[in-house]
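The exercises below ask you to read a fold from its strands, core and loops. Work through each task with the structure open before you read the solution.

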Amino acid sequence: MIYDISMKIHPDMPVYKNREEKKPVFETVKTFEHDGVFETNLTFNLHTGTHIDYPLHTIKGGYNSYNHSLEPFLGTAKVIDVTHVKDGITENELIHHDIQENDFIIFKTKNSFSEKFLFDFTYLEKTGARYLVEKKVRGVGIDALGIERDQPNHPTHDTLLSKDIIILEGVRLKEVPEGLYELIMLPLNIDDVEALPVRAILKTL
Ligand SMILES: [Zn+2]
């Protein structure tokens, strides 16, 4: 079984806090009538839809997509069901789950059940991020367009990114049961940027 956990990119897709400037813009630049072919320009923020964050997103001087390795993006991933969590995912929640060194953890939350942007989306709280660093996971994903909200100075991003732990945001997991999967995601090969759009799938083992 293959689950496509990526968001569709289209003009009315949900974007962070529904901000107009975050919406992708599709523009027809060639038409059959005028040019004999059809072409589209697409303009969007790199944090649109399903994407990964590199350290440079919140850490000045942090590394970015320049010369990045594909290694962390491939391998197994653990989907952890925390759909009962209303607010932040804390250390006290995570101690009840099986999390091991080198795991790629993907949180399935209530967010996956809404087609609209949720202003009260479930996020990874800073104590949860610290716990994942202690566990030495290799990546963390969540079904929200941001891995944290309303935490001054974005400690969740900084805690993970300062330890080179990949952050995957904007996955969709409504149909995906908790469990271990093969994760396949390839970011676009754009050089020298702080985030990259990805197509991500989970394959049952
Ligand atoms: Zn981002």
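Two strands pair if DSSP finds at least two bridges between them. Helices (H or I, at least four residues) and strands (E, at least two) are DSSP runs, numbered from the N terminus. This is a predicted model, in which local features need pLDDT of at least 70 and side-chain atom pairs count only at pLDDT 80 or more, while totals for chains, interfaces and linings use all residues. Residues are numbered from 1 along each chain as its sequence is written.

**Exercise 1. Describe the pairing of β11 with β5 and with β12.**

Step 1. Strand β5 (residues 74-81) runs antiparallel to strand β11 (residues 179-187), and 6 bridges join them. Within this pair, Lys78 is opposite Leu180 of β11.

Step 2. β11 also pairs with β12, again in the antiparallel sense, over 7 bridges. Here Glu182 faces Lys203 in β12.

**Exercise 2. Place β10 among its partners and state whether its faces are buried or exposed.**

Step 1. Strand β4 (residues 51-53) is antiparallel to β10 and joined to it by 3 bridges; Ile52 has Leu168 as its bridge partner in β10.

Step 2. β9 and β10 pair in the parallel sense over 4 bridges, with Val140 opposite Ile167 in β10.

Step 3. Together, β9, α4 and β10 form a right-handed β-α-β unit. Right-handed means that, with the strands pointing away from the viewer, the path from the first strand over the helix to the second runs clockwise.

Step 4. Count neighbours: a residue is buried if 20 or more other C-beta atoms lie within 10 Å of its own, exposed if 12 or fewer, and partly exposed in between, with C-beta atoms placed from the backbone. Ile166 and Leu168 on one side of β10, and Ile167 and Glu169 on the other, are all buried, so both faces are covered.

**Exercise 3. Which residues touch the most other members of the largest nonpolar core?**

Step 1. A nonpolar core is a set of buried Ala, Val, Leu, Ile, Met, Phe, Trp, Tyr and Cys residues joined through C-beta atoms within 7 Å.

Step 2. The largest such core has 43 residues, and Ile52, Ile105, Leu124, Val140 and Ile167 touch the most other members. Strand β12 (residues 195-204) gives the most to this core, with 5 residues.

Step 3. Take Ile167 as a case. Contact requires C-beta atoms, placed from the backbone, within 7 Å. Beyond its neighbours within four places in sequence, Ile167 is in contact with Ile52, Asp53, Val140, Ile147, His157, Leu160 and Leu161.

**Exercise 4. Examine the positive phi angles at Asn153 and Asp164.**

Step 1. Most residues other than glycine have a negative phi.

Step 2. Asn153 has a phi near 65° and is found in the loop between β9 (139-142) and α4 (155-161). With 8 other C-beta atoms within 10 Å, Asn153 is exposed.

Step 3. The phi of Asp164 is about 60°; its loop lies between α4 and β10 (166-169). Asp164 is partly exposed, having 13 other C-beta atoms within 10 Å.

**Exercise 5. Summarise the whole chain.**

Step 1. The protein chain has 4 helices and 12 strands. Its radius of gyration, taken over C-alpha atoms, is 17 Å, close to the 17 Å from the globule rule (2.2 Å times the number of residues to the power 0.38) for 205 residues, so the chain is as compact as a globular protein of that length.

Step 2. Of the 205 residues, 38% count as buried.

Technical notes: Contact = placed C-beta atoms within 7 Å.
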